[in-house]
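Colleague: Hello! I am new to reading protein models, so could we go through one together?
Modeller: Gladly. Here it is.

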Amino acid sequence: MDQFTALADAFLRQVAEAIEEADEQATLEVDVVSGILTVTFEDDRQLILNKHTPTKQLWLSSPLSGASHYSYNTELSRWFSTRSGQELCALLNGEFQALAKLELHLES
């Protein structure tokens, strides 16, 4: 397993676990299958975070912020947007607060 795959898989599991831990009422459906994290909200909107191996990026599709791509910064050990430079954990924390009133407490 290459470094990207190991980092991406670990991050997807971390996000899934943080969501499930924060979702005390079990209102969200959370699935991680073959490098794709799918979160279905009560109103049937979905947030999808998947690894894109050819570009070594994580790709996010969010009902709130739309589509974005993230590359791993080995010096900072964090995922950052290839366009805005925003850190992925910070974005996800904000997205889940806005979409489901959940505090994920994600850290890279």
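Modeller: Let's begin with a term: helices and strands are DSSP runs, numbered from the N terminus. Keep in mind that this is a predicted model.

Colleague: Thanks! In which helix does Glu-20 lie?
Modeller: Glu-20 belongs to helix H1, which spans 3-22.

Colleague: Is Glu-20 buried, partly exposed or exposed?
Modeller: We read that from relative accessible area: under 20% is buried, over 50% is exposed, and partly exposed lies in between. Glu-20 has 49%, so it counts as partly exposed.

Colleague: And which residues form the negative surface patch?
Modeller: Asp and Glu count as negative. Here the patch consists of Glu-17, Glu-20, Glu-21, Glu-24, Glu-29 and Asp-31. Helix H1 contributes the most, 3 residues, and strand E1 (29-33) also supplies at least two.

Colleague: Now the inside, please. Which residues of the largest nonpolar core touch the most other members?
Modeller: A nonpolar core is a set of buried residues joined through side-chain atoms within 4.5 Å. This one has 29 residues, and those touching the most other members are Phe-11, Val-39, Leu-49, Leu-88, Leu-92 and Phe-96. At least two core residues come from each of H1, strands E2, E3 and E4, and helix H2. H1 has the largest share of this core, with 9 residues.

Colleague: Last one: where does His-105 lie?
Modeller: His-105 sits in the segment after H2. Its relative accessible area is 60%, so His-105 is exposed. Between His-105 and Thr-55 there are 27 Å in space, C-alpha to C-alpha, and the two are 50 residues apart in sequence.

Note on methods
Residues are numbered from 1 along each chain as its sequence is written. This is a predicted model: local features need pLDDT of at least 70, side-chain atom pairs count only at pLDDT 80 or more; totals for chains, interfaces and linings use all residues. Side-chain values use heavy atoms; hydrogens and water are left out. Patches are made of residues with over 30% relative accessible area and no salt bridge: like charges are joined within 9 Å, nonpolar side chains (Val, Leu, Ile, Met, Phe, Trp, Tyr) within 5 Å. Accessible areas come from the Shrake-Rupley method with a 1.4 Å probe; for residues, only the protein chains shown count as cover. A salt bridge is a side-chain nitrogen of Lys or Arg within 4 Å of a carboxyl oxygen of Asp or Glu. The place of a charge is taken as NZ of Lys, CZ of Arg, CG of Asp or CD of Glu. Helices (H or I, at least four residues) and strands (E, at least two) are DSSP runs, numbered from the N terminus. Buried means under 20% relative accessible area, exposed over 50%, partly exposed in between (1.4 Å probe, protein chains only).
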